[in-house]
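Biologist: Could you take a close look at one part of this chain for me, the nonpolar interior, and walk me through how it sits in the rest? Start from the outside and work your way in.

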Amino acid sequence: MNDRTALVTGANKGIGKHIARLLTSEGFTVYVGSRDPERGGRAVEEIGAGARLLVLDVTDPDGIARAAARVDRLDVLVNNAGIAPSLAPPAESGVAEFRRTYETNVFGVVAVTNAFLPALCRSPRPRVVNVSSGTASLTWSTSPNPQFTPGSGGAAAYRSSKAALNALTLYYAQTLAEDGFKVNALAPGLRATDLTPGAAATGDDPAEAARGALHLALLPDDGPTGGFFSWDGTPVPW
Ligand code: NAP
């Protein structure tokens, strides 16, 4: 199929921009989701052929509806937009911080996914990739894994938002399996992006994480659904 389409939310920079670029190189027409038209426009220019700007703030219901109305059929949705405003443990995080984080990382994913479901249902092979985080793994959080700062209970709003996203990934996968959907969560690994200012020296190349998203976006019909996978394809424990 040469006319496949994809949407990547938060694709104006970071991991999302790399995912969008990789999808265009696979022949997709890619809607580069960006809440800021100028930043999104620059990313579209950088990515080049196949990239289209789609102004999309995942916390803005009216904007999501306008964006969804522009897309007739969608083969791949990558829910990548995310924020990590604080590293605080729960006792030092106000409810407002949880609300703000969940608004983007959880409610934003539900709103965008539901708005684009009709377009996804027009695809013969719909794929949804939710960009989660290894820090959301409750198993890793109780058996500290060297991939992230272990066990401290820090970044509670962010990590619990991604744990909620993991649960939603499973529920979407279960309810949409009969329609041919594959819905999976990706742990991209620690990457040097604006989200992780402290990781500039230690974070790995975000392009490598994007290849993990591409793999989940291109899953064959007998591929997994309702799973949580690292960027290199290995399963991550919930
Ligand atoms: P990033 O460079 O900060 O990119 C985040 C993207 O999300 C930006 O394009 C940002 O747009 C967008 N965004 C934020 N809020 C939005 C909203 N309300 N509506 C639409 N777009 C919004 O961070 P990144 O590292 O590439 O993160 C991408 C994803 O990977 C996130 O879900 C993050 O949680 C996940 N992740 C990253 C790492 C890592 O080590 N970097 C590790 C695990 C998981 P603006 O430019 O407008 O702010």
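Modeller: Starting with the surface, then: in this predicted model, the chain exposes about 10,800 Å² of accessible surface, and carbon and sulfur atoms account for 54% of that. As for charge, there are 21 positive and 23 negative side chains, with the centres of the two sets 1 Å apart.

On overall dimensions, the C-alpha atoms fit a box of roughly 45 × 40 × 30 Å along the principal axes. The radius of gyration is 17 Å, which agrees with a compact globule, because 238 residues packed that way would come out near 18 Å. Buried residues are 50% of the 238 in the chain.

Now the elements. You've got seven helices and seven strands, and going along the sequence they run β-α-β-α-β-α-β-α-β-α-α-β-α-β. Sequence-distant pieces meet a lot here: take the contacts between residues at least 6 apart in sequence, and 67% of them join residues at least 24 apart.

That brings us to the part you asked about. The largest nonpolar core has 27 residues, and the ones with the most contacts inside it are V8, I19, L23, V30, V32 and V78. Two or more residues each come from β1 (5–8), α1 (14–25), β2 (29–34), α2 (37–47), β4 (76–79), β5 (127–131) and α7 (206–217). The top contributor is α7, which puts in six residues.

I19 is a good place to zoom in. Leaving aside residues up to four places away in sequence, I19 touches V8, V78, N80, V131, A210 and A213. Of the elements feeding the core, β1 (5–8), β4 (76–79), β5 (127–131) and α7 (206–217) are among them, so to speak the neighbourhood to look at around this side chain.

There's also another core, apart from the one above, with 23 residues, including L56, L74, L77 and V128.

One more spot deserves a look, down in the segment after β7 (228–230), where you'll find V236. Is V236 buried or exposed? V236 counts as buried because its relative accessible area is 6%, under the 20% cut-off. Not counting residues up to four places away in sequence, V236 touches S137, W140, A187, F228, F229 and S230. A185 is worth marking too: V236 and A185 are 51 residues apart in sequence, yet their C-alpha atoms are 9.4 Å apart in space.

Terms used: Residues numbered from 1 in each chain as written. Predicted model: local features only at pLDDT ≥ 70, side-chain atom pairs only at ≥ 80, totals over all residues. Heavy atoms only, no water. Helix = DSSP H or I, 4+ residues; strand = E, 2+ residues; numbered from the N terminus. Rg over C-alpha atoms; globule rule 2.2 N^0.38 Å. Buried < 20%, exposed > 50% of the residue type's maximum accessible area, 1.4 Å probe, protein only. Contact = heavy atoms within 4.5 Å. Areas by Shrake-Rupley, 256 points an atom, 1.4 Å probe, with all protein chains shown as cover. Lys, Arg positive; Asp, Glu negative; His and termini not counted. Charge placed at Lys NZ, Arg CZ, Asp CG, Glu CD. Core = buried A, V, L, I, M, F, W, Y, C linked by side-chain atoms within 4.5 Å.
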